[in-house]
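Please open the structure in your viewer and display the side chains. The tour below proceeds by selection, with a note at each stop on what is to be found there.

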Amino acid sequence: MQTISYEYEGALYVNLTNRCDCSCVFCLRHNGHKGSIYADDLWLEHEPSREEALEDLLARELTKYRELVFCGFGEPMYRTEDIVWLVDELKKRVSGLPPVRINTNGHANLILGQDVTPRLQGRIDTLSISLNGSTPEEYCAVTRPRDGEKAWHAMLDFAGKAKEYVPNVVMTIVDKDQTPEAVERCRRITRDLGVKLRIRAYIPD
Ligand code: SF4
């Protein structure tokens, strides 16, 4: 039995993949962890098919959640087309579906080789993109992306494009070890992109 969805603070989180093109220094997947503070068993032995995920979600009373969140134990947008399909199926079957968010590293266009942001229109209400640094150097030191600095530029480009299709685009940094200068640079980056900045509290694993 594997965890495809789990509840946390009134929201329903959906876990579709373990794949990721980053290796963040703080990632809970390191050190043999198979879960997080949110759920114990998040490492997927196999990726659920879209049909399996739909069945799992429909078994729940979806309207009781404040939000439906596609996240990981990996980068969910490897499965963008499956997310699109799932949201469409859920909207057809569930009246009053809660708002939908994707938590992402913002590399979808890079890893999928095409601009997928138009696919989010009318389906995704919030995109939460991990900014994780105020310069390419800081970013790469923390997230260790497969494609190096190209991933930083791809993430910023993705955020700028996504805001045309998604009503609420938020970039996040963790407050731990941030200098005021770094926070100010992040503020400038998000302001120039026309998206929001959220400074999250650090949660130790
Ligand atoms: S982007 Fe997320 S899943 Fe990927 S390595 Fe970083 S923290 Fe882990």
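Begin by selecting Asn-18 together with Leu-44: the side chain of Asn-18 reaches the backbone oxygen of Leu-44 at 2.8 Å. Please bear in mind that this is a predicted model.

Remain with Asn-18 and trace the chain on either side. Asn-18 belongs to the loop that runs between β2 (11-15) and α1 (50-58). Is Asn-18 buried or exposed? Asn-18 counts as buried because its relative accessible area is 13%, and buried means under 20%.

Next, select the contacts of Asn-18. Beyond its neighbours within four places in sequence, Asn-18 is in contact with Arg-29, Leu-42, Trp-43, Leu-44, Glu-47, Phe-73 and Gly-74. For a view across the model, add Leu-62, which is 44 residues from Asn-18 along the chain; the C-alpha atoms of the two are separated by 24 Å.

Now select the ligand and the residues around it: Cys-20, Cys-22, Ser-23, Cys-24, Phe-26, Cys-27, Arg-29 and Gly-74. This shell divides into five nonpolar residues, two polar and one charged. Arg-29 and Gly-74 in this shell were also listed among the contacts of Asn-18.

Finally, select Cys-20 and Cys-22. Cys-20 is partly exposed, with a relative accessible area of 29%, whereas Cys-22 is buried, at 8% relative accessibility. Why is there no bond from the sulfur of Cys-22 to the closest cysteine sulfur? That closest sulfur, in Cys-20, is 4.7 Å away and therefore too far for a bond, since a disulfide requires sulfur atoms within 2.5 Å. The structure as a whole holds zero disulfides.

Note on methods
Residues numbered from 1 in each chain as written. Predicted model: local features only at pLDDT ≥ 70, side-chain atom pairs only at ≥ 80, totals over all residues. Heavy atoms only, no water. Near = heavy atom within 4 Å. Nonpolar A, V, L, I, M, F, W, Y, C, P; charged D, E, K, R; others polar. Helix = DSSP H or I, 4+ residues; strand = E, 2+ residues; numbered from the N terminus. Buried < 20%, exposed > 50% of the residue type's maximum accessible area, 1.4 Å probe, protein only. Contact = heavy atoms within 4.5 Å. Polar contact = N/O pair within 3.5 Å; in protein donor to acceptor, adjacent residues only side chain to side chain.
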